[in-house]
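User: I should like to examine the reasoning behind the structural labels applied to this model. Please set each value against its definition before drawing a conclusion.

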Amino acid sequence: MSARLLSIPTVAAALDVDRRTVYRFIAAGDLSVVDLRTGPGRSRVRVPEASLDEFLSRRAVVIPTTRR
């Protein structure tokens, strides 16, 4: 399986939000992450591109058109 992993700043830029907002989405379970351990007590998380795509699909809103 070949999955593209995105950094937190990359995801924040794609969503046009602050990095803290991305971490809130992760804490709420809205975005899944891959934790790449870099040492004891340290972690480096990445968001699979598919997770970001699913997040956007779930959040998409269709605005109804009104006829006049």
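Analyst: Strands are DSSP runs of E with at least two residues, numbered from the N terminus, and two of them pair if DSSP finds at least two bridges between them. The model is predicted. In it, β2 and β3 form a hairpin with two residues between them, and Gly 41 in the turn has a positive phi of about 80 degrees.

User: How do you know that β2 and β3 pair, and in which sense?

Analyst: The requirement is at least two bridges. Strand β2 (residues 34-39) and strand β3 (residues 42-48) are joined over five bridges in the antiparallel sense, so the definition of pairing is met. Among the partners, Asp 35 is bridged to Val 45 of β3, and Val 34 stands opposite Arg 46.

User: What makes β1 and β2 edge strands?

Analyst: The open sheet has three strands in the order β1-β3-β2, with antiparallel pairing. β1 (5-6) and β2 each pair on one side only, and they are the edge strands. Helix α3 packs on this sheet, where it touches β1 and β3; the direction of α3 makes about 60 degrees with that of β3.

User: Why is the pair of Phe 25 and Phe 55 called tilted?

Analyst: Rings count as a pair if their centres lie within 6.5 Å, and here the centres are 4.8 Å apart. Planes under 30 degrees apart would be stacked and those over 60 edge-to-face; the planes of Phe 25 and Phe 55 stand at 50 degrees, so the pair is tilted. Phe 25 belongs to helix α2 and Phe 55 to helix α3, 30 residues apart, and the pair thus links distant parts of the chain. By this rule the count comes to one aromatic pair.

User: Why are Phe 25 and Phe 55 each described as buried or exposed?

Analyst: Buried means under 20% relative accessible area. Phe 25 has 17% and is therefore buried. Phe 55, at 4%, also counts as buried.

User: Is Ser 51 in helix α3 buried or exposed, and what does Ser 51 touch?

Analyst: Ser 51 lies in helix α3. The relative accessible area of Ser 51 is 7%, so Ser 51 is buried under the 20% limit. Residues up to four places away in sequence aside, Ser 51 touches Leu 31 and Ser 32.

User: How do you know that the buried residues of α1 line one face?

Analyst: The buried residues of α1 are Ile 8, Val 11, Ala 12 and Leu 15. Seen down the axis of α1, these residues fall within an arc of 100 degrees, so they line one face of the helix. On the other side of α1, Ala 13 and Ala 14 are exposed. The cover over the buried residues includes β1, α2, β3 and α3. Just after α1, Asp 16 takes a positive phi of about 55 degrees.

User: Which residues have the most contacts inside the largest nonpolar core, and which elements supply it?

Analyst: The largest nonpolar core has 13 residues, and Val 11, Val 22, Leu 31 and Leu 52 have the most contacts inside it. At least two residues of this core come from each of α1 (8-15), α2 (19-27), β3 and α3 (49-59). Helix α1 gives the most, with four residues. Leu 31 touches residues including Val 11, Val 22, Phe 25, Val 47, Leu 52 and Phe 55, when residues up to four places away in sequence are not counted.

Technical notes: Residues are numbered from 1 along each chain as its sequence is written. This is a predicted model: local features need pLDDT of at least 70, side-chain atom pairs count only at pLDDT 80 or more; totals for chains, interfaces and linings use all residues. Side-chain values use heavy atoms; hydrogens and water are left out. A nonpolar core is a set of buried Ala, Val, Leu, Ile, Met, Phe, Trp, Tyr and Cys residues joined through side-chain atoms within 4.5 Å. Buried means under 20% relative accessible area, exposed over 50%, partly exposed in between (1.4 Å probe, protein chains only). Contact means heavy atoms within 4.5 Å. Rings of Phe, Tyr and Trp (its six-membered ring) pair if their centres lie within 6.5 Å; planes under 30 degrees apart count as stacked, over 60 as edge-to-face and the rest as tilted. Axes are lines fitted to C-alpha atoms, for helices over the stretch in contact, and angles run from 0 to 180 degrees between N-to-C directions. The arc is that of the directions from the helix axis to the C-beta atoms.
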